[in-house]
Amino acid sequence: MIEVRNLTKEFVKYEKEKGLKGLVKGFFNAKKVVKKAVDNISFTINEGEMVGYIGANGAGKSTTIKMLTGILTPTSGEVRIDGIIPYQNRVENAKKIGVVFGQRTQLWWDLPLSESFLILKEIYEMPDAFYEEQMSFFNRILNLDEFIKSPVRTLSLGQRMRADIAASLLHNPKVLYLDEPTIGLDVNAKQRMRDAIKMMNQKYNTTVILTTHDLDDIAELCNRILIIDNGKVIYDGSLHEIKEKYGTTKRIEFEVRDELNDESLNLASVFNVHPDELEITREDKKLSIVFPKLKISVAQMTEEILRRFDVQDISIFDADIERIVARIYDEGKVTL
Amino acid sequence: MKRFLRKYGAFAKGSFEVAVMYRVHILLWVFGDFFSLGLTILLWVAIYANSPTEMIRGFTLIQMIFYNLIIHLTGSITYMSPLSDVAEDYYDGRISMSLIKPASYAIQLFFRNLGNNLFSNLFITLPTFLLIAAVSLATHQTESLAWLSFPVFLFSSLLGLFINYFANFIFSNLVFYTDATFGMFQLNQAIVRIFSGALIPLNFFPGWLRSLAGFLPYAGVQYIPAMILLGRTTGNDLLSAIGVQVLWVVFLGVAAQLVWSHSLSRMKVMGG
Ligand SMILES: Nc1ncnc2c1ncn2[C@@H]1O[C@H](COP(=O)(O)OP(=O)(O)O)[C@@H](O)[C@H]1O
Ligand SMILES: [Mg+2]
């Protein structure tokens, strides 16, 4: 479905020195700087897969998406979507894809929302019956009717994103690219977006590639993640797998009966580990401890705390994905 | 063809509706446009009043007034300004939203401009036309205009519209290669104004400037259709004038395609 081979994109920048002198010098010989935004990446994505594409700011996510959608031409390497090379055959490829860039809109800013949909109907040459059916489907899951008559510029961010996602899916694309679709949305709006994406995937087996900073999006939608760092793919695999490998910590939250005081718990020496390996937070009656699960078992830790405090409630968690990903970014590579 | 028009017509419909949305804004601009036409005519009245001869370069005052009215008419019929659209689309990264559509960017932009052009036809072309008819009746100068050539004039203006669009579109591609576009857009506008005959009739130019005008497409935008309606281009001259326009349309159309492919292959797109 989606094949990416040795894809590379370099941006050439001309660096200028500061001040008037720099301006004059830069006029004649600005220093040429080549930035490899995407550095020799390869992957294959099958039809119907939902893939999370994650990485820090500037890692190269958007640049990759732009090459996959045919907006940018790679410096080297190749992309094939269903056999089509998107940047050579942009229009043909565009018929089969839907794209949402979280910071932009494809809607007509000044016109009532309904107009944007009517225009899309013509652009994608949708038959009337198909259009009606799609509109009522998206109305149902995204409640567009609430604001369909309002000019797009008057919509709230959450409403606009709902409309944008409907716009990207209206023609029933085979591949959906989402570049930070939940940025700035509140919890409810995020949930609606996820539900819509999930439903499309179930109903039409839409392939989804999603970049996001919200790892809940990933946990809820994606069965596979690609992690990109400095233009290189440093991990390609299941979320489960990476949790196993990097989720080497557990977190236990105890709720105790009496206010906690500042006394040292001294847990590091009790369990004979380095103090840095433990992360202890105390807040009112809540005590939260993160510890390496291979060195200390849940049972041992629980027993120790129960012995010392009058505990009312206990909850045990796996390591958060945030924590795992932060660790991977730090190390800059993944070894599985 | 019908499918093509339906698809791209949607872009024209959208921009027309936006123009309607901002009608008050635009009508003020229309007002300014007619005001400047009035000033130009006053200027010519003053020039003729101080001229020792009644005729300047083959134009009497009343004919010069008609020239200006008709240039105004062709200016509005051929109105296409993709320059600012391309610059805006590019600099704020909105161009990516056009590029994800299954539609050629150049043609999308043509139809977006056509939506505005329709609006300008309603509020400038029609009133100007009525003004011309009224002046021609009031001055009993009906023979100053070749009314029978009107269909040919319309056809020639349509060719002018395509020339104008393609020439501006090609020029607008500079935004993909340099940052210093604002000054160049100004320059382009000045060149177009001079060589399209919008400022003064091209036969006022000294010889060398006239020949230069012959190598540029801009005469085909306003001057050629205007001279047809003025009845100054007839017979074989008329055929060859239209032929020149057709050649420009074809040549610029192909050039626009080539320039755009090159721009696209080295495009950077701003913003996430
Ligand atoms: N048009 C451009 N010109 C120059 N450099 C760019 C351009 N677009 C992106 N870059 C650079 O490429 C790198 C990757 O950017 P991007 O793909 O937008 O990252 P992400 O989406 O992961 O945050 C960044 O260092 C960015 O500065
Ligand atoms: Mg980005």
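Q: A residue is near a molecule or strand if its C-beta atom, placed from the backbone, lies within 6 Å of it. Which residues are closest to ligand 1?

A: A word on the ground rules: this is a predicted model, where local features need pLDDT (the predictor's confidence in each residue, from 0 to 100) of at least 70, side-chain atom pairs count only at pLDDT 80 or more, and totals for chains, interfaces and linings use all residues. Residues are numbered from 1 along each chain as its sequence is written, while chains are lettered from A and ligands numbered from 1 in the order in which they are written. Ligand 1 lies between chains A and B. Of the 16 residues that surround ligand 1, the closest are Ala37(A), Lys61(A), Ser62(A), Thr63(A) and Lys268(B).

Q: Which element gives the most to the shell around ligand 1?

A: Helices (H or I, at least four residues) and strands (E, at least two) are DSSP runs, numbered from the N terminus. Around ligand 1, the elements with two or more shell residues are strand S1 (2-15), strand S2 (31-45) and H2 of chain A. The top contributor, with 3 residues, is H2(A).

Q: How many residues of the shell around ligand 1 are charged?

A: Ala, Val, Leu, Ile, Met, Phe, Trp, Tyr, Cys and Pro count as nonpolar, Asp, Glu, Lys and Arg as charged, and the others, Gly among them, as polar. On that basis the shell has 5 nonpolar and 7 polar residues, and the charged ones number 4.

Q: Why is one side of S2 and of strand S4 (76-81) of chain A left without a neighbour in the sheet?

A: Strands pair if DSSP finds at least two bridges between them. The open sheet of 3 strands has the order S2-S1-S4 (chain A), with antiparallel pairing. S2 and S4 of chain A are left with a free side because they stand at the edges, each with a single partner strand.

Q: What angle does the direction of H2(A) make with that of S1(A)?

A: S1(A) and S2(A) pair in the antiparallel sense over 11 bridges. H2(A) packs on this sheet, touching S1, S2 and S4 of chain A; contact here needs C-beta atoms, placed from the backbone, within 7 Å. Axes are lines fitted to C-alpha atoms, for helices over the stretch in contact, and angles run from 0 to 180 degrees between N-to-C directions. For H2(A) against S1(A) that comes to about 120°.

Q: Which strands stand at the edges of the open sheet of 6 strands?

A: The strand order is S5-S6-S7-S3-S8-S9 (chain A), with mixed pairing. Each edge strand has a single partner, so one side of each has no neighbour in the sheet; they are strand S5 (97-101) and strand S9 (232-237) of chain A.

Q: Which strands of the 6-stranded sheet does H2(A) touch?

A: Inside this sheet, strand S3 (residues 50-54) and strand S8 (residues 224-229) of chain A pair in the parallel sense over 4 bridges. Helix H2 (residues 61-68) of chain A packs on the sheet, at about 150° to S6(A). The strands touched are S3, S6, S7 and S8 of chain A.

Q: Which element supplies the largest share of the side of chain A that touches chain B?

A: The contact takes 28 residues from chain A and 26 residues from chain B. At least two residues each come from H2, helix H3 (90-94), S5 and helix H4 (113-123) of chain A. The largest share, 4 residues, comes from H4(A).

Conventions. Two residues are in contact if their C-beta atoms, placed from the backbone, lie within 7 Å.
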